[in-house]
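Biologist: Could you take a close look at the aromatic rings in this model for me? I would like to know which rings pair up and how they sit, with some background on the rest of the chain.

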Amino acid sequence: MENSSRIRQCIKAATHGFVGREQLAELIILAAIAKEHLLVIGPPGTAKSAVVRRMAKTMNGQYFEYLLGRFTEPSELFGTVDLQKLREGTVETDTSGMLPEAEIVFLDEVFLGSTAILNTLLGILNERQFRRGHTQIACPLKICIGASNSLPEDEGLAAFADRFLLHLFIDPVADNFIEDMLAGGWQAEYAEINLSLSLDELADLSEQVKNVNLDKIFSPFADAIRLLRQNNINLSDRRVVKTLKLIAAAALVNGRLEAEKKDLWPLFYVLPTIDMQQRGQEILKDVFTLSNNSQLFYATESATQQPNARSERLIELATYCINNDDTQIESVLREIDANYTAGTVPEQLKLLRAQLIDLITKDV
């Protein structure tokens, strides 16, 4: 659990300059620890690829990226036939530097892959095994991030999409953040990433997932699933059970070996469509009231829209303003006061609020 303290720094380094993309970076970390996969749905030009590349660099793992098209051949992803072996009468694939040997994989326009490609991918995603001809190897894959402009309507492709446990829907930066996007984008263009969270460190956390005590959350989690079903939101048994890994990973990242009700928020991202997520957020608002995560707070806040989840982000913002005498002080104060009363504001945030007020009044 000591490795969890470095996660926040690495997320900030990877998303520096990218407005509103912290949620994506945080979910990449969560998925990698749980050894599950992430599907990102959004229009072109929304920095999906850029954030994934920078997270891969921060995680310092063997990276493979490909933009799929209708005419993409399996060999472009998995490797060509080894000619030397073929001369000897054996059909084997040379996978050097290709997807089967990667630890972090990003597949853009993933649903444009052929049946042959998607069937091979299923084996790698589900079993971490690559089988082709006489080639059978264990894949070191930690996480696959798939991206597309939209969810597929075809039943076969929808079944493939279901293999990505987490679904994130992203939009272009809102109008009121365009200036921030321009300034940040200019910085991101030239920013260097000097901080890394190695995959070995994440692997240590992954190994601890099975040791997380889930006794406290079985009952509230089961109630949440029943509540969704009562409102005609049905998840497959496989997705329900796999969600436990995300809950355990969320607890670990928060520095605990025991999951609590505050860790149920990943359930939001398991809901596979944007309609289900929007409805589910409202249906589960009481379940998500306590949601909180000190390292993955953008993802938590976006999932739950609860003040408790918002506090960690405001604490980080307020601390940054105090340390840098930042011009955002007044807007941070307004957001704190809009979300909390004197009786509900968390103690740490209350102290930071007082320091912010001192900063803006010292020269008055």
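Modeller: Happy to help; here is the background first, then the rings, and then a few other spots.

Please keep in mind that this is a predicted model, in which local features need pLDDT of at least 70, side-chain atom pairs count only at pLDDT 80 or more, and totals for chains, interfaces and linings use all residues. Residues are numbered from 1 along each chain as its sequence is written, and side-chain values use heavy atoms, with hydrogens and water left out.

The chain has 17 helices and 9 strands; these are DSSP runs numbered from the N terminus, with helices being H or I of at least four residues and strands being E of at least two. Of its 364 residues, 50% are buried, where buried means under 20% relative accessible area, exposed means over 50%, and partly exposed lies in between (1.4 Å probe, protein chains only). If you take the contacts (heavy atoms within 4.5 Å) between residues at least 6 apart in sequence, 74% of them join residues at least 24 apart.

Now to the rings. A pair of aromatic rings is described by the distance of the centres and the angle of the planes. Rings of Phe, Tyr and Trp (its six-membered ring) pair if their centres lie within 6.5 Å; planes under 30 degrees apart count as stacked, over 60 as edge-to-face and the rest as tilted. The structure holds 7 aromatic pairs. One of them joins F160 and F164, edge-to-face, with 5.7 Å from centre to centre and 80 degrees between the planes. Both F160 and F164 are buried, and together with F111 they form one aromatic cluster. Another edge-to-face pair is W265 with Y269, at 6.4 Å centre to centre and 90 degrees between the planes. W265 counts as buried because its relative accessible area is 0%, and Y269 is buried with a relative accessible area of 0%.

One ring has a charge for company: the charged end of R8 sits over the ring of F297, 4.1 Å from its centre. For this, NZ of Lys or CZ of Arg must be within 6 Å of the ring centre and within 35 degrees of the ring normal.

There is also a phenylalanine in a strand pair. F130 stands opposite I137 in β7. Strand β6 (residues 129–132) and strand β7 (residues 135–138) run antiparallel and are joined by 4 bridges; strands pair if DSSP finds at least two bridges between them. β6 and β7 form a hairpin with 2 residues between them, and G133 in the turn has a positive phi of about 60 degrees.

Two other residues have a positive phi without being glycine. N232, at about 60 degrees, lies in the loop between α10 (215–230) and α11 (237–253), and N232 counts as exposed because its relative accessibility is 61%. Q305, at about 55 degrees, lies in the loop between α14 (297–304) and α15 (307–324); with a relative accessible area of 43%, Q305 is partly exposed.

Lastly, the cysteines. A search of the whole structure finds 0 disulfides, a disulfide being a pair of cysteine sulfur atoms within 2.5 Å. C139 is buried at 9% relative accessible area, and C321 is buried at 0% relative accessibility.
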